[in-house]
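Visitor: I would like to be guided through the interior and the surface of this protein. Please begin once the structure is displayed.

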Amino acid sequence: MDFEKAYDSVRWAFLYDMLSRMGFHNLWIAWIKGCLESATVSVLVNGRPTEEFKPTGGLRQGDPLAPFLFLVVAEGLARIVRSASKTTLLTGLKFGRKEIEVCILQFADDTIFLCEDSFNNVVTLKAIIKGFELASGLKINFHKSKLAGINVQISYVSCYTKTLNCKQMGVPFTYMGLEVGGNPRKKQFWEPVVNKLKAKLSVWKGRFLSMARRICLINFVISAIPLYYFSLFKAPDSVCKRITSIERRFL
């Protein structure tokens, strides 16, 4: 699910209510109010700034406090989903021996919903999203949001996408830079990592750098690129040798 201009449309009243529900002290909430409501904005019209005015909502881009406040707002969506799961209005997916039920995964403004294949879940999900829109002010960009069905008939997935007014997505797909649904045992799975290494090294011409600079570039830049993949997937030996070969040739 994709948020449309996430920071610009946050309602302050919803943010203050979430801070209170999460147990923040009234003094702390007053500080947050002071930070948000003391700001003034000016708009450039034909290169000239207009008179300053005070905004009534939204979070300022570049403000160090803004990402943390947005997480508080996004927590409201997670709590609604958990409440729907407890009342069996929404049925998530169960994982592991303990059958832990998962309905939502969030990383900042990137959100994934997981639920069983049923029309009731789709209707509940749409109601949750619409209710969260009205309460928080955050607008969902359904045209950029996508739905994927795993072991689900294509006709059902098409029906669900029409109900949610979003696009259909195939499997595997990319999320947070990682391929979801792919097979890490195959070489094709690791092609994006290898291509990133090659692209990075093509920008830095090794022959124009000293030996010490090439070593620093490999240790602190090039070697960090595949670490994100390695933290979640086990790479085949052939892929590790290929990455080492690329670094060795650059050195």
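**Contacts, core and surface**

Guide: In this predicted model, Phe-3 touches (heavy atoms within 4.5 Å) Phe-70, Leu-77, Asp-109, Thr-111, Phe-132, Leu-138, Lys-139 and Ile-140, not counting residues up to four places away in sequence. Residues are numbered from 1 along each chain as its sequence is written. Local features need pLDDT of at least 70 and side-chain atom pairs count only at pLDDT 80 or more, while totals for chains, interfaces and linings use all residues; side-chain values use heavy atoms, without hydrogens and water.

Visitor: Which helix supplies the largest share of the largest nonpolar core?

Guide: A nonpolar core is a set of buried (under 20% relative accessible area) Ala, Val, Leu, Ile, Met, Phe, Trp, Tyr and Cys residues joined through side-chain atoms within 4.5 Å. Of its 35 residues, Phe-3, Leu-59, Phe-70 and Leu-77 touch the most other members. Helices (DSSP runs of H or I, at least four residues) H1 (12–21), H2 (26–37), H3 (66–86) and H4 (119–136) each supply at least two residues of this core. The largest share, nine residues, comes from H3.

Visitor: Is Trp-28 buried, partly exposed or exposed?

Guide: Trp-28 has its place in helix H2. Its relative accessible area is 40%, and because partly exposed covers the range between under 20% (buried) and over 50% (exposed), with a 1.4 Å probe and protein chains only, Trp-28 is partly exposed.

Visitor: Which residue in E7 stands opposite Gln-106?

Guide: Strands (DSSP runs of E, at least two residues) E6 (residues 104–107) and E7 (residues 110–113) pair (at least two DSSP bridges) in the antiparallel sense over four bridges. Opposite Gln-106 stands Thr-111.
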